[in-house]
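This briefing goes through one protein chain for a reader at the bench. Please look at the sequence and the structure before reading on.

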Amino acid sequence: MTDNKLRCALIFRLEGGGKPVCVAKYDHAGQYETHGGADSSLYGGRDKSYAEAVAGVIQNDPPTGLAQTGQIGGFKVVQSDVHQVIYGADMDGLCCAVITGTQYQSRVAIQMLSELYKDFSSKHGAAAKTAAENALSKKAKPVLSECCKKYEDPSKVDKTSKVLGQVDAVKGQMQGNIANMLKNTEKAESLAEKSDQLNEQASVFKKRSTDLKKQMQWKNLKMTLLLGGVVVVILIAVLWPVIKNAKKAAGSGRF
């Protein structure tokens with residue numbers, strides 16, 4: 001089953017030693033905070049919150065190759081069996097992270113993190129440097145929720161995803177057309193076969209009709225000959241005595 005859902009967004013402050021402190025979080029999918037995390041070794045099981053689990057991921061593998069001040073970089077993608085964490089940070093230790101399904105395109109997630117970093121740092125960047133844990137979740141919720149809503153459907157913000165979606169749609173339509181064509185071909189072949197059968201039956205019927213016609217003509221001829229023969233016999237039987245008596249009478253008259 002394809003899972004390309006956007007789950008949640010988080011903002012961390014990376015303190016000395018690389019320890020992440022979550023200053024803001026937004027559970028877009030509405031399932032992690034309720035259930036206490038995901039049942040996966042990457043997120044620490046259901047006994048930990050998703051923010052603590054992601055903090056552990058970042059601390060184990062912190063962003064590297066950070067960009068210049070004021071820009072986010074050093075992006076990392078860490079996958080579990082069911083989800084993935086994508087995160088990056090700037091040189092001042094402001095770190096943005098998202099949890100997504102395993103099929104969510106990482107390039108789209110990185111694009112989202114760059115935009116989220118820009119919006120969050122401009123509005124809450126100064127406060128994030130000293131904020132306590134989870135202190136900015138309420139204030140930053142509009143920024144986090146707006147960004148999550150924008151990127152919840154990758155095809156709407158990523159041209160490649162949009163093209164791939166269109167390709168999949170066309171592919172599905174073509175498969176449907178091919179299936180219909182095959183059905184029509186089968187129907188055409190069935191009609192052609194039935195037509196051949198009808199033509200064969202018509203030929204057989206015509207031959208039988210011709211044979212029957214000849215049989216009836218021969219039968220009529222035999223009946224005609226038979227009736228003619230009977231008539232001749234009857235005439236002979238009737239006329240022969242008459243002719244014979246006429247001959248006798250003619251012979252007697254001479255004497």
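Is Asn134 buried, partly exposed or exposed? Asn134 is partly exposed, because its relative accessible area is 34%, and that value falls between the 20% limit for buried and the 50% limit for exposed. The model is predicted. The chain has six helices and five strands, and of its 255 residues 32% count as buried.

**Layout of the chain**

- Read from the N terminus, the elements follow the order β-β-α-α-β-β-β-α-α-α-α.
- Asn134 belongs to the loop between H3 and H4.
- The phi angle of Asn134 is near 65°, which is a positive value in a residue other than glycine.

**Nonpolar core**

- The largest nonpolar core holds 29 residues, and within it Ile11 and Phe120 touch the most other members.
- Two or more residues of this core come from each of strand S1 (6-14), strand S2 (20-26), strand S5 (94-101), H3 and H4.
- H3 gives the largest share of the core, with eight residues.

**Salt bridges**

- Side chains of opposite charge can pair when their charged atoms come close.
- The count for this model is four salt bridges, and three of the pairs are described here, beginning with Arg13 and Glu15.
- Arg13 pairs with Glu15, and the closest N and O atoms of the two are 2.9 Å apart.
- Arg13 counts as buried because its relative accessibility is 12%, whereas Glu15 is partly exposed, with a relative accessible area of 35%.
- Lys76 pairs with Asp61, with 2.6 Å between the closest N and O atoms.
- This pair links distant parts of the chain: Lys76 sits in strand S3 (residues 73-79) and Asp61 in the loop between helix H2 (50-60) and S3, 15 residues apart.
- Lys76 is buried at a relative accessible area of 17%, while Asp61 counts as partly exposed at 32% relative accessibility.
- Lys150 pairs with Glu115, and here the closest N and O atoms are 2.9 Å apart.
- That pair also links distant parts of the chain, with Lys150 in helix H4 (residues 141-151) and Glu115 in helix H3 (residues 106-128), 35 residues apart.
- Lys150 counts as partly exposed at 41% relative accessibility, and Glu115 counts as partly exposed at 24%.

**Surface patches**

- Glu186, Glu189, Glu193, Asp196 and Glu200 form a negative patch on the surface.
- Within this patch, Glu200 has its place in helix H6 (residues 159-254).
- Glu200 is exposed, because its relative accessible area is 54% and exposed means over 50%.
- A nonpolar surface patch is made up of Met223, Leu226, Val230, Val231, Ile234, Leu235, Val238, Leu239 and Ile243, which together have about 790 Å² of accessible area.
- Ile234, one of the residues in the nonpolar patch, lies in helix H6.
- Ile234 counts as partly exposed, because its relative accessibility is 48%.

**Pairs of residues in sequence and in space**

- Ala97 has its place in strand S5.
- Ala97 is buried, because its relative accessible area is 0% and buried means under 20%.
- Ala97 and Met112 are separated by 15 residues in sequence and by 9.6 Å in space, C-alpha to C-alpha.
- Gln59 has its place in helix H2 and counts as partly exposed at 44% relative accessibility.
- Gln59 and Pro20 are 39 residues apart in sequence, with 6.5 Å between them in space, C-alpha to C-alpha.

Terms used
Residues numbered from 1 in each chain as written. Predicted model: local features only at pLDDT ≥ 70, side-chain atom pairs only at ≥ 80, totals over all residues. Heavy atoms only, no water. Patch = residues over 30% accessible without salt bridge, like charges linked within 9 Å, V, L, I, M, F, W, Y side chains within 5 Å. Areas by Shrake-Rupley, 256 points an atom, 1.4 Å probe, with all protein chains shown as cover. Salt bridge = Lys/Arg side-chain N within 4 Å of Asp/Glu carboxyl O. Lys, Arg positive; Asp, Glu negative; His and termini not counted. Charge placed at Lys NZ, Arg CZ, Asp CG, Glu CD. Helix = DSSP H or I, 4+ residues; strand = E, 2+ residues; numbered from the N terminus. Buried < 20%, exposed > 50% of the residue type's maximum accessible area, 1.4 Å probe, protein only. Core = buried A, V, L, I, M, F, W, Y, C linked by side-chain atoms within 4.5 Å.
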